[in-house]
Amino acid sequence: MEALIDPLLSLPGYNRLLDCIKKNRTPVLTTGVIDIQQNHLMYALGKHSARPIFIITHNEIRAKEIFEDMKFFNKNIIFYPAKDIIFYSADVRSKDIDRQRFKVLNSLIKDESPIVVLSIDAVFDKLLPKEEFKKFILSISEGEVIEIDKLSKELIYMGYERTEQVEAMGQFSVRGGIIDIFSPVDDNPYRIELWDDEVDSIRFMDASTQRSIDKVESISIFPMRELVYDDSEVDIALEKIKKEYLKTLKSCEKKGFVEIIDNLKQHIGE
């Protein structure tokens with residue numbers, strides 16, 4: 001790809017643009033770049049400045065178009081989708097979108113410096129600070145001693161569902177000394193085999209056949225939700241919700257808002 005981008009270094013305008021980026025004299029506006037050249041320019045700037053690239057555009061459709069075009073220049077490009085339009089009003093949403101978002105976060109946490117394409121809607125999605133989120137990524141290695149009950153509790157807090165058999169992303173199962181976990185950033189679930197309370201082996205497994213595949217020495221298990229928390233944070237949140245509930249209830253009682261009071265007691269009080 002150097003043959004496609006190095007000729008740009010002979011252009012004075014390109015060099016001024018590159019110099020501004022390297023010296024953090026930004027934002028910089030470029031004009032006169034036609035659509036077909038924009039991806040070429042963005043890729044070149046990323047390579048010549050040795051920085052990760054975030055390409056932000058006006059909607060999801062345009063973001064996907066740029067993503068497909070940019071794959072010509074670099075296979076290490078990922079699309080970060082915005083949350084489902086029904087995300088805030090329903091419990092049912094696309095797990096494919098969740099998986100794609102988690103894969104982007106995983107790549108950024110590992111400092112892999114990918115090219116990330118996203119829409120302005122995705123930019124405004126709120127996330128935990130990076131260091132806080134990393135606390136909830138579980139690492140398990142061969143020879144490590146683990147407590148099954150403690151691990152199960154941690155997985156549930158991370159958004160996993162306990163099932164008899166792992167068939168889909170976000171599920172885990174415990175059968176004797178065998179623990180199966182399907183993390184959202186992997187294409188196959190893990191199978192952890194214990195000898196007493198020590199990890200004897202870790203393998204990838206085929207979810208359809210339930211058979212072990214490749215052996216690995218260690219794994220990182222990603223949370224199944226972007227908002228993760230522990231017991232102490234749950235207690236703090238409950239106390240704040242209760243305080244606000246009682247305050248609002250008292251205010252509505254003074255004003256005689258009977259219908260609102262009933263709704264509060266039904267949806268919040270219970």
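**Contacts, helix packing and backbone in a predicted model**

Reader: Leaving out residues up to four places away in sequence, what does Arg 101 touch?

Author: Not counting residues up to four places away in sequence, Arg 101 touches Tyr 80, Pro 81, Ala 82, Lys 83, Asp 125, Leu 127 and Glu 226. Please keep in mind throughout that this is a predicted model.

Reader: Where does Arg 101 lie, and is it buried or exposed?

Author: Arg 101 lies in helix α5, which covers residues 95–109. Its relative accessible area is 0%, so Arg 101 counts as buried, the cut-off being under 20%.

Reader: Switching to the strands, which one holds Ile 219?

Author: Ile 219 lies in strand β11, residues 218–221, and with a relative accessible area of 6% Ile 219 is buried.

Reader: And which residues is Ile 219 in contact with, leaving aside neighbours within four places in sequence?

Author: With those neighbours set aside, Ile 219 is in contact with Leu 138, Ser 139, Ile 140, Tyr 190, Ile 192 and Ile 202. As for Glu 142, the C-alpha atoms of Ile 219 and Glu 142 are 9.3 Å apart in space, while the two residues are 77 residues apart in sequence.

Reader: Now the helices. At what angle do α9 and α10 pack?

Author: Helix α9 (residues 231–255) and helix α10 (residues 258–269) pack at an angle of about 165 degrees, and their axes are 10 Å apart. Angles over 145 degrees count as roughly antiparallel, which is why α9 and α10 are described in that way.

Reader: What is the hand of the crossing of α9 and α10, and which residues meet there?

Author: The crossing of α9 and α10 is left-handed. From α9, the residues are Ile 241, Tyr 245, Thr 248, Leu 249, Cys 252 and Glu 253, and they meet Ile 260, Ile 261, Leu 264, Lys 265, Ile 268 and Gly 269 of α10. Sorted by class, the contact of α9 with α10 has eight nonpolar, two polar and two charged residues.

Reader: You listed Cys 252 there. How many disulfides does a search of the whole structure find?

Author: The search finds zero disulfides in the whole structure. Cys 252 is buried, with a relative accessible area of 8%, and Cys 20 is buried too, at 18%.

Reader: Back to packing, how do α3 and α4 sit relative to each other?

Author: Helix α3 (residues 35–49) and helix α4 (residues 60–70) pack at about 65 degrees, with their axes 10 Å apart. The range from 65 to 115 degrees counts as roughly perpendicular, and α3 is therefore described as roughly perpendicular to α4. The crossing in which α3 passes α4 is right-handed.

Reader: Which residues make that contact of α3 and α4?

Author: Gln 38, Asn 39, Met 42 and Tyr 43 come from α3, and Arg 62, Ile 66, Asp 69 and Met 70 come from α4. By class, the contact of α3 with α4 has four nonpolar, two polar and two charged residues.

Reader: And α2 against α3, at what angle do those axes cross?

Author: The axes of helix α2 (residues 12–22) and α3 cross at roughly 55 degrees and come within 10 Å. That angle makes α2 oblique to α3, and the crossing of α2 and α3 is right-handed. In this contact, Tyr 14, Leu 17, Leu 18, Ile 21 and Lys 22 of α2 meet Leu 41, Ala 44, Leu 45, His 48 and Ser 49 of α3. By class, the contact of α2 with α3 has seven nonpolar residues, two polar and one charged.

Reader: On to the backbone. Is the peptide bond from Thr 26 to Pro 27 cis or trans?

Author: The bond from Thr 26 to Pro 27 is cis, with omega near 5 degrees, and Pro 27 is found in the loop between α2 and α3. As background, most peptide bonds are trans, and most residues other than glycine have a negative phi.

Reader: What about phi of Asn 24?

Author: Phi of Asn 24 is near 60 degrees, a positive value in a residue other than glycine. Asn 24 has its place in the loop between α2 and α3, and at 55% relative accessibility Asn 24 counts as exposed.

Reader: And Asp 196, where does that lie?

Author: Asp 196 lies in the loop between β8 (190–195) and β9 (198–205). Asp 196 has a positive phi of about 65 degrees although it is not a glycine, and at 71% relative accessibility Asp 196 counts as exposed, because the cut-off is over 50%.

Conventions. Residues numbered from 1 in each chain as written. Predicted model: local features only at pLDDT ≥ 70, side-chain atom pairs only at ≥ 80, totals over all residues. Heavy atoms only, no water. Axes fitted to C-alpha atoms, helices over the stretch in contact; angles between N-to-C directions. Helix = DSSP H or I, 4+ residues; strand = E, 2+ residues; numbered from the N terminus. Parallel < 35°, antiparallel > 145°, perpendicular 65-115°, else oblique. Left-handed = near helix turned anticlockwise from the far one by under 90°. Contact = heavy atoms within 4.5 Å. Nonpolar A, V, L, I, M, F, W, Y, C, P; charged D, E, K, R; others polar. Disulfide = S-S within 2.5 Å. Buried < 20%, exposed > 50% of the residue type's maximum accessible area, 1.4 Å probe, protein only.
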